[in-house]
Amino acid sequence: MSGVAGKVCVVTGAGSGIGRELALELVRRGACGLAISDIDEAGLAQTGRLIAELSADLIVDEQPLDVADRAAFSVYADAVASRFGVVHQLYNNAGIASGKTVRDASFAIYDRVVAVNLFGVINGTKLFLPHLIASGDGHVTTISSLNGFMAQDELSAYCTTKFGVRGFTESLRIELLRDRLPVQVTLVHPGGVSTNIATNGLAHAAALGVEMTERERRRVQLYNDRLLRMPPGVAARIIVDAVEHDRARVLVGRDAKLIDLIVRLMPVGYQRFQLALNRVARLTLR
Ligand SMILES: NC(=O)c1ccc[n+]([C@@H]2O[C@H](COP(=O)([O-])OP(=O)(O)OC[C@H]3O[C@@H](n4cnc5c(N)ncnc54)[C@H](O)[C@@H]3O)[C@@H](O)[C@H]2O)c1
């Protein structure tokens, strides 16, 4: 079983939201070493301060990292492994959202979202896997989304990556089982969690020179007000519980569980049904 106590854990995207809370939860459960990284250095430093308040003695490796930068990720993985001597658990958490229709989204949006959400996970997993295997008691945790099994309008880049993350993670698990390697795998499908992900999506678009319309901004606000509800600390506890129980798949939140059921019952029909739900939630805006 993948208990956290006494383990060395790596969390990407630890400067905010679910990643920050995952880091804090791992400290509370007795991790003996923690490597946290994020592209946002100020957010990462804040997570470092919160960890220090919980545990003054814990060895924490805190480094800026863009998970899409494979060369930097490779140097990072080697540095973490040599600093701690062993790495047991990897939490592939870093991710970004995007909100444009297929017709309106630029290729730059697809390139960046795929680079971060999909290749970030592939990079981290491939680079840390030899260390996790060598630990004799490893665990890979990957954060997909309810958009890893349900597509949505104006989220095609995000859905593409989260479906992809699911395929990658399930393939990995099958291979590890087949080859009897000592690494467990947990695939996480969160529903709405109260973080800055939707708002940050606006900043990512701006950084790519993509203009967001007033209607798209209002949709982000509706997500924040109506859909992203679960406190990230609660989500982190559910995720780490699943890891400690070696669960292969975890749905985080009632919304994720309900949507999982709807998609199973109506694998095609859910798409029109979703438009009706959107109207109820006023997500279909003019
Ligand atoms: N919040 C939700 O409702 C929700 C639902 C389903 C899945 N998720 C997933 O959970 C994960 C965490 O998201 P969150 O909700 O905590 O959002 P968040 O925006 O609060 O946190 C994401 C973190 O990832 C970091 N990040 C972004 N790009 C990065 C990069 N290239 N390299 C390294 N770090 C980078 C950000 O700086 C930020 O600190 C994401 O993978 C997201 O897709 C979130």
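This passage describes the ligand site, the cysteines, two buried strands and two loop residues of a predicted model.

The ligand is surrounded by 31 residues, and the closest of these are Ser16, Asp38, Tyr158, Val193 and Thr195. Sorted by class, the shell around the ligand consists of 13 nonpolar, 13 polar and five charged residues. Polar contacts to the ligand involve both side-chain and backbone atoms of the protein. An N or O atom in the side chain of tyrosine 158 lies 2.6 Å from an oxygen atom of the ligand, while a polar backbone atom of valine 67 is found 3.0 Å from a nitrogen atom of the ligand. A backbone N or O atom of isoleucine 39 is likewise placed 3.4 Å from a nitrogen atom of the ligand. Taken alone, the ligand would expose 830 Å², of which the protein buries 96%. Two or more residues of the shell around the ligand are contributed by each of helix H1 (17-28), helix H4 (107-135), helix H5 (156-178) and helix H6 (197-207).

Strand E1, which spans residues 8-11, is covered on both of its faces, with Val8 and Val10 buried on one side and Cys9 and Val11 buried on the other. In a regular strand, side chains alternate between the two faces of the sheet. E1 pairs with strand E2 (residues 33-38) in the parallel sense, and four bridges join the two strands; in this pairing, valine 8 has glycine 33 of E2 as its bridge partner.

Cysteine 9 of this strand also enters the search for disulfides, which gives a count of zero. The cysteine sulfur nearest to that of cysteine 9 belongs to cysteine 32 and is 7.8 Å away, and cysteine 9 is in no disulfide; a disulfide would require two cysteine sulfur atoms within 2.5 Å. Cysteine 32 is also in no disulfide, its nearest cysteine sulfur being that of cysteine 9 at 7.8 Å. The surroundings of the two residues were examined as well: cysteine 9 has a relative accessible area of 0% and is therefore buried, whereas cysteine 32, with a relative accessible area of 39%, is partly exposed.

Strand E5 (138-143) is largely enclosed by the rest of the structure, because six of its six residues are buried. Gly138, Val140 and Thr142 point one way from E5, whereas His139, Thr141 and Ile143 point the other way, and all of these residues are buried. E5 pairs in the parallel sense with strand E4 (residues 89-92), over four bridges, and within this pairing the bridge partner of glutamine 89 is histidine 139 of E5.

Two residues other than glycine with positive phi values complete the description. For glutamate 154, phi is near 65°, a positive value in a residue other than glycine; glutamate 154 is located in the loop between E5 and H5, and with a relative accessible area of 12% it is buried. For arginine 180, phi is near 50°, again a positive value in a residue other than glycine. Arginine 180 is located in the loop between H5 and strand E6 (183-190), and its relative accessibility of 76% means that arginine 180 counts as exposed. The two loop residues thus lie in contrasting surroundings, with glutamate 154 buried and arginine 180 exposed.

Terms used: Residues numbered from 1 in each chain as written. Predicted model: local features only at pLDDT ≥ 70, side-chain atom pairs only at ≥ 80, totals over all residues. Heavy atoms only, no water. Near = heavy atom within 4 Å. Polar contact = N/O pair within 3.5 Å; in protein donor to acceptor, adjacent residues only side chain to side chain. Areas by Shrake-Rupley, 256 points an atom, 1.4 Å probe, with all protein chains shown as cover. Nonpolar A, V, L, I, M, F, W, Y, C, P; charged D, E, K, R; others polar. Buried < 20%, exposed > 50% of the residue type's maximum accessible area, 1.4 Å probe, protein only. Pairing = 2+ DSSP bridges.
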